[in-house]
Amino acid sequence: MIVSSPSRYEFILDGELSDRALAAFPELSAGRHQALTTSLFGPVTDSTAMRAILARIDDLGLTLLEMRRLPD
């Protein structure tokens, strides 16, 4: 995936993330999507930044339920 300019994305994760887990994503804001899920959202500058976010999700053993680009 190639992201040519900063675009806003939302990552919906299974479960309610702890403060420690949220701290792993300083570039993203957090919110509740629905019961027992966490939504992280914010700008993603390029494909390298996207891969880094996805790698952190994987490294923390989190389950990504949905990822979507938000309207500008």
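A nonpolar core is a set of buried Ala, Val, Leu, Ile, Met, Phe, Trp, Tyr and Cys residues joined through side-chain atoms within 4.5 Å. With that in hand, here are the legends, all drawn from a predicted model.

**Figure 1. The whole protein chain and its order of elements, β-α-β-β-α-β from the N terminus on.** Two helices and four strands make up the fold of this predicted chain. The radius of gyration is 12 Å, close to the 11 Å that the globule rule gives for 72 residues, so the chain is as compact as a globular protein of that length. Along the principal axes, the C-alpha atoms fill a box of roughly 35 × 25 × 20 Å. Among contacts with a separation of 6 or more, 68% join residues 24 or more positions apart.

**Figure 2. The surface and charges of the protein chain, with an accessible surface of about 4,600 Å².** Carbon and sulfur atoms account for 52% of that surface. Of the 72 residues, 31% count as buried. The chain carries 7 positive and 10 negative charges, and the mean positions of the two sets are 3 Å apart.

**Figure 3. The largest nonpolar core, built from twelve residues.** Its members are Tyr9, Phe11, Leu13, Leu17, Ala21, Phe25, Leu28, Leu40, Val44, Met50, Ile53 and Ile57. Strand 1, strand 3 (37-44) and helix 2 (47-59) each supply at least two residues of this core. In soluble globular proteins, nonpolar side chains tend to be buried together. If you would like one residue to start from, try Leu40, one of the twelve. Leaving out residues up to four places away in sequence, Leu40 touches Tyr9, Glu10, Phe11, Leu13, Leu22, Phe25, Leu28, Ser29 and Ala30.

**Figure 4. Tyr9, a core residue in strand 1.** Strand 1 covers residues 7-14. Is Tyr9 buried or exposed? Its relative accessibility is 7%, under the 20% cut-off, so Tyr9 counts as buried. Tyr9 and Leu70 are 61 residues apart along the chain, yet their C-alpha atoms are separated by 5.3 Å.

**Figure 5. Asp14, a partly exposed residue of strand 1.** At 42% relative accessibility, Asp14 falls between the 20% and 50% cut-offs. Which residues does Asp14 contact, leaving aside its neighbours within four places in sequence? They are Leu36, Thr63 and Leu65. For a sense of scale, the C-alpha atoms of Asp14 and Ala30, 16 residues apart along the chain, are separated by 13 Å.

**Figure 6. Thr37, a buried residue in strand 3.** The relative accessibility of Thr37 is 9%. With neighbours within four places in sequence set aside, the contacts of Thr37 are Ile12, Leu13, Gly15, Arg32 and Leu65. Leu13 in that list also belongs to the largest nonpolar core.

**Figure 7. Phe41, a partly exposed residue in strand 3.** Phe41 has a relative accessibility of 28%. Leaving aside its neighbours within four places in sequence, Phe41 is in contact with Arg8, Tyr9, Glu10, Leu28, Ser29, Ala30, Gly31 and Leu70. Phe25 is 16 residues from Phe41 along the chain, and their C-alpha atoms are separated by 9.7 Å.

Key
Residues are numbered from 1 along each chain as its sequence is written. This is a predicted model: local features need pLDDT of at least 70, side-chain atom pairs count only at pLDDT 80 or more; totals for chains, interfaces and linings use all residues. Side-chain values use heavy atoms; hydrogens and water are left out. The radius of gyration is taken over C-alpha atoms; the globule rule is 2.2 Å times the number of residues to the power 0.38. Buried means under 20% relative accessible area, exposed over 50%, partly exposed in between (1.4 Å probe, protein chains only). Contact means heavy atoms within 4.5 Å. Accessible areas come from the Shrake-Rupley method with a 1.4 Å probe; for residues, only the protein chains shown count as cover. Lys and Arg count as positive and Asp and Glu as negative; His and the chain ends are not counted. The place of a charge is taken as NZ of Lys, CZ of Arg, CG of Asp or CD of Glu.
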